[in-house]
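Grab a coffee and open the viewer: here are some exercises to work through with the model on screen. Try each task before reading its solution.

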Amino acid sequence: MEIKTAYTRLRREVEKTVGRTMESPSDFSILSRDIRKRTHDTVSATTLKRFYGYVRGGGVPRTSTLSILSRYVGYEGWNSFLNSDGVESCFLSDYVIRSEGMLEGDMVRFGWNPDRMCVV
């Protein structure tokens, strides 16, 4: 996965986890507190602002920061996040599985991140 794509995906998953978009300084403070609460690790609001491009001078995020953010969204760490398939969990909205279209022995597989699967 391209690194910029991974950063974008991680930002999106972090926003989904915290339940808000990162648009104001208070959003980053709330996120920083929630990360500490859920992971028992610290990422400052300033570091988060740089990662999101809210302030200039971000450069390349530290691997430790990326690992904390990855754990925050449900992965073991940064490498686990990078090795995931990038398919986000979501509810099916346009796809319906009808039992009359299935034959005996047919199986349906449901998958979600990180690395979860259920076969019915």
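**Exercise 1. Work out how α2 and α3 cross, and which residues meet there.**

Start with the handedness: in this predicted model, α2 and α3 make a right-handed crossing. Next, look at the geometry. The two axes come within 8 Å, and the crossing angle is roughly 115 degrees. That pair of values is what you want, since two packed helices are described by the angle between their axes and the distance between the axes.

Now list who meets whom. From α2 you have Pro 25, Phe 28, Ser 29, Leu 31, Ser 32 and Ile 35, and from α3 you have Ala 45, Leu 48, Lys 49 and Tyr 52. Sort them by class and this contact comes to 7 nonpolar, 2 polar and 1 charged residues.

**Exercise 2. Decide whether α2 and α4 are roughly parallel or roughly perpendicular, then describe their contact.**

First step: get the angle. The axes of α2 and α4 cross at roughly 75 degrees and come within 10 Å. Second step: compare with the cut-off, where 65 to 115 degrees counts as roughly perpendicular. So α2 and α4 are roughly perpendicular to each other.

Third step: the residues. Leu 31, Asp 34, Ile 35, Arg 38 and Thr 39 come from α2, and they meet Ile 68, Leu 69, Arg 71 and Tyr 72 of α4. By class, that gives 5 nonpolar, 1 polar and 3 charged residues.

One of these deserves a second look. Asp 34 sits in helix α2, and its relative accessibility is 14%. Buried means under 20%, so Asp 34 counts as buried. Skip the neighbours within four places in sequence, and the contacts of Asp 34 are Val 18 and Tyr 72.

**Exercise 3. Find the largest nonpolar core and say which helices supply it.**

Begin with the head count: the largest nonpolar core has 22 residues. The ones with the most contacts inside it are Leu 10, Val 14, Leu 31 and Ile 35. Then trace the suppliers. α1 (3-18), α2 (25-39), α3 (45-52), α4 (63-72) and α5 (78-83) each put in at least two residues. The top contributor is α1, which gives 5 residues.

Zoom in on Ile 35 next. Not counting residues up to four places away in sequence, Ile 35 touches His 40, Asp 41, Val 43, Leu 48, Ile 68, Leu 69 and Tyr 72.

Follow that list to Leu 69, in helix α4. With a relative accessible area of 1%, Leu 69 is buried. Beyond its neighbours within four places in sequence, Leu 69 contacts Leu 10, Val 14, Ile 35, Leu 48 and Phe 51. Take Leu 48 from that set: Leu 69 and Leu 48 are 21 residues apart along the chain, with 9.7 Å between their C-alpha atoms.

**Exercise 4. Is Trp 78 buried or exposed, and what does it touch?**

Locate it first: Trp 78 belongs to helix α5. Its relative accessible area is 7%, so Trp 78 is buried.

For the contacts, leave aside neighbours within four places in sequence. Trp 78 then has Ile 3, Ala 6, Tyr 7, Leu 10, Thr 63, Leu 66, Ser 67 and Ser 70 around it. Check Ala 6 on screen: 72 residues separate Trp 78 and Ala 6 in sequence, and their C-alpha atoms are 9.8 Å apart.

**Exercise 5. Check two loop residues, Glu 23 and His 40: where do they lie, and are they buried or exposed?**

Take Glu 23 to start. You'll find it in the loop between α1 and α2, and at 58% relative accessibility Glu 23 counts as exposed. Its C-alpha is 9.6 Å from that of Lys 49, although Glu 23 and Lys 49 are 26 residues apart in sequence.

His 40 is in the loop between α2 and α3. At 69% relative accessibility, His 40 counts as exposed too. Now check the backbone: His 40 has a positive phi of about 65 degrees, although it isn't a glycine.

**Exercise 6. Step back and summarise the whole chain.**

Count the elements: 5 helices and 2 strands. In sequence order the pattern reads α-α-α-α-α-β-β. Then check burial, where 32% of the 120 residues count as buried. Last, the contact range: among contacts between residues at least 6 apart in sequence, 53% join residues at least 24 apart.

Technical notes:
Residues are numbered from 1 along each chain as its sequence is written. This is a predicted model: local features need pLDDT of at least 70, side-chain atom pairs count only at pLDDT 80 or more; totals for chains, interfaces and linings use all residues. Side-chain values use heavy atoms; hydrogens and water are left out. A nonpolar core is a set of buried Ala, Val, Leu, Ile, Met, Phe, Trp, Tyr and Cys residues joined through side-chain atoms within 4.5 Å. Buried means under 20% relative accessible area, exposed over 50%, partly exposed in between (1.4 Å probe, protein chains only). Helices (H or I, at least four residues) and strands (E, at least two) are DSSP runs, numbered from the N terminus. Contact means heavy atoms within 4.5 Å. Axes are lines fitted to C-alpha atoms, for helices over the stretch in contact, and angles run from 0 to 180 degrees between N-to-C directions. A crossing is left-handed if the near helix is turned anticlockwise from the far one by less than a right angle, and right-handed if clockwise. Ala, Val, Leu, Ile, Met, Phe, Trp, Tyr, Cys and Pro count as nonpolar, Asp, Glu, Lys and Arg as charged, and the others, Gly among them, as polar. Angles under 35 degrees count as roughly parallel, over 145 as roughly antiparallel, 65 to 115 as roughly perpendicular and the rest as oblique.
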